Amino acid sequence: MNIIELQSITKTYDTNGLTVPAVRGVDLVVEKGEFSALAGPSGSGKTTLLNLIGGLDNPSGGTVSVGGENITGYSPRQLSDLRLRKIGFIFQAYNLIPVLSAIENVEYILLLQGMEKTERRRRSAAMLAEVGLEGLTDRRPHQLSGGQQQRVAVARAIVSEPDIVLADEPTANLDQKTGAALLDLMHELNRTKGITFLFSTHDGMVMERAERLISLRDGVVEHDRVKRRAKPRSAKRKR
Amino acid sequence: MQTIFAMGWRNIWRHRRRSLVVISSIALGIFAMILSMGIMNGMNNQAIENTIRTALGHIAIHRKGFHEDMKIAHNFKSTDRIMRSIAADRRIAAAAPRVKLPGMVRSSETSQGVLIVGIDPEKEMKISNLYQYTSKENGSRFLASPDENAALISQQTADRLKLVVGDKLVLMLQDRNNEIVGVGMTVAGTFQTPVESFDKLVVFTGIGKLQEITGLGENISEISIAITDPAAITDIKRRLIGAIGDDSLEVLTWMDMAPYLVSAVKFFDTIMYITFVIIFLVVVFSVANTLVMAIMERFHEIGVMKSIGTRPSWIATMIVFEAVNLGLVGLVAGVAAGTLSVAALSIGGINLGLFMESLRAWGTGSVIFPVIKGMDIVVAALIVLATTVLAAVYPAVKAARIKPLEALHFV
Ligand SMILES: Nc1ncnc2c1ncn2[C@@H]1O[C@H](COP(=O)(O)OP(=O)(O)OP(=O)(O)O)[C@@H](O)[C@H]1O
Ligand SMILES: [Mg+2]
């Protein structure tokens, strides 16, 4: 099943009368269960592409389908609901809602989806346990390290079992080791739960670990390479 | 919903000081409002009550024309039917006859134009506070009988005419035949009411004595009536008119007799409402300003909330809820402070002796007992809440319209 289908996507930004072509005709299909990365130099259009897939931005041309739904022309409210139902987001940093505790941040998604309270709690607690944060569920984001915050973000992104998790440079603010552990976690979730991940990254480690590497340059796909399934490091390490 | 409220609540306390400033400005506004309302109510009530309990009574029955011109021909004879009509209404506490005639009071020193009021001392005690206002010191006393050849004068008049209790004075007035008559009397007592104009103007004597001097016989100027339920006053009046059924008579309430008092109360109310509007404007702007600032600070996080699927209406609700929280906390504090101070002050009253003279002119007395009605507080509370919600509308709409992408860029 195709989770994502992009057809001749273009995106140009207008800033002060200057038109910047950020994406210049991208066709892309992402299938269920992929663990893929968008790579490419700065300004090549990685973030723009993720935003278009996530319905955070509208393409200048072409069509975007997410989970079999053509989202071109959706209203802000429809896009909001689409993100809630089908997409999990992980950003580079400052991902969490500061006034909510770790578990409340995770619960928040389920709350928006209208899930009943005890079930919500139960699932969120289980999810946090899965990302290795059992003892820290009641901490607020500012009481957590960057790596722990990103783990909460991962838990939040997948707790509702979305079709796809979009992660824009999730490891960029983390040190090597923390980044690697986070990547292990996501890869494990990908394998055990079949959750589809699409990253954007500069991080060599992410590119190495990704099972498919889509390289962008100047707003077009330069290479698209499916590698063998890499063995996640976490399999060897004790969690 | 619970979470959205929890978020709103916690967001308030992220900027403790700023929120406290807003909350205290709301609290202070409400406090000031309740206190000034209490004092104003107290003053108005006292002014009305004092005027009723001295000059006017709640309701008076006159011959038509008497209220405009107190000439002797405008007096009338009370009938059984009138007395039965009065007795029939259980909301009427008491009634007393009076004779009122313009005249002069003279001492050996000087003289002064006055309104001479003849009263039945025993009945008068039930409808006015004249008895309470009469000094019981230095030999001063209330009138003993309707026929007593004695007068009550105000302390002010006594001072002007250089009279003390036991002195002689002369009352000069026109009798039935328009002849000027003068009658010597003893000063039985002096009084002082909170209503300055009343003290300046009025001299009391026995009603029987006055009827005898002027040849009025059994005629009287008015029947003054005290009622138990002030709210029912117009109804009582209407019923009395019907029951008496005499076209030559008129039944007037204190509001008919003293329209200036009614409009003065209205005037003070208006001033108060203007003050409230100003207070509310302050509340609106401080709340709106705080919320706009809060939204600017949380731009990024609102972007995160939206990008993970929070609907715009949720964001708006959260912001409105923050405003409601600010408003509620301020409200509770302000209402508590306001009602407690009104309650505390109403025990001993506020002594405004310093402003005694001007207050006497307004007839309130020098000690104000603040009064606040539960309904007023409820109305004030609702208005404040409505205003804070109103103040939140613009920031809430603004927050709801934040574009997630722009906000995500903003760190
Ligand atoms: N909001 C915007 N307004 C104008 N131009 C923009 C906007 N967002 C992105 N661009 C431009 O579009 C192009 C692609 O930007 P994009 O952020 O997608 O690159 P990227 O691959 O994510 O880069 P990086 O690796 O630095 O994050 C760049 O030239 C950028 O300047
Ligand atoms: Mg980027």
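1. A good place to start is the overall tally: over all chains, the structure holds 31 salt bridges. Please keep in mind as you read that this is a predicted model. The points below go from the contact between the two chains, through a small group of charged residues, to the ligand.

2. How many residues of each chain take part in the contact between chain A and chain B? On the chain A side there are 27 residues, and they touch 22 residues of chain B. About 2200 Å² is buried between chain A and chain B, and carbon and sulfur atoms give 64% of that area. Three residues deserve a look on screen: Tyr94(A), Val99(A) and Tyr108(A) together supply 23% of what chain A buries against chain B, more than any other three residues.

3. Now for the polar side of the interface. The rule finds 2 salt bridges across the interface of chain A and chain B, along with 8 residue pairs in polar contact, both residues of each pair being at pLDDT 80 or more. Which elements give two or more residues to the side of chain A that touches chain B? They are the chain A helices α2 (76–86), α3 (102–112) and α4 (117–130). Sorted by class, that side of chain A has 14 nonpolar, 4 polar and 9 charged residues.

4. Asp81(A) is worth a closer look, with a partner in each chain. Across the interface, Asp81(A) forms a salt bridge with Arg311(B), whose closest N and O atoms are 2.9 Å apart. Within chain A, the side chain of Asp81(A) also meets that of Arg77(A) in a salt bridge, at 3.8 Å from N to O. Why are Asp81(A) and Arg77(A) separated by about one helical turn? Because the two residues are 4 residues apart in helix α2 of chain A.

5. Turning to ligand 1, you will find 14 residues surrounding it. The closest are Ser42(A), Lys46(A), Thr47(A), Thr48(A) and His202(A). The side chain of Lys46(A) also places an N or O atom 2.7 Å from an oxygen atom of ligand 1. From Gly45(A), a backbone N or O atom lies 3.0 Å from an oxygen atom of the ligand, while for Glu169(A) a side-chain N or O atom is 3.3 Å from a ligand oxygen atom. On its own, ligand 1 has 630 Å² of accessible area, and the protein covers 68% of that.

Definitions and conventions
Residues numbered from 1 in each chain as written. Chains lettered and ligands numbered in written order. Predicted model: local features only at pLDDT ≥ 70, side-chain atom pairs only at ≥ 80, totals over all residues. Heavy atoms only, no water. Contact = heavy atoms within 4.5 Å. Buried area = accessible area lost by both parts, 1.4 Å probe. Salt bridge = Lys/Arg side-chain N within 4 Å of Asp/Glu carboxyl O. Polar contact = N/O pair within 3.5 Å; in protein donor to acceptor, adjacent residues only side chain to side chain. Nonpolar A, V, L, I, M, F, W, Y, C, P; charged D, E, K, R; others polar. Near = heavy atom within 4 Å. Areas by Shrake-Rupley, 256 points an atom, 1.4 Å probe, with all protein chains shown as cover.
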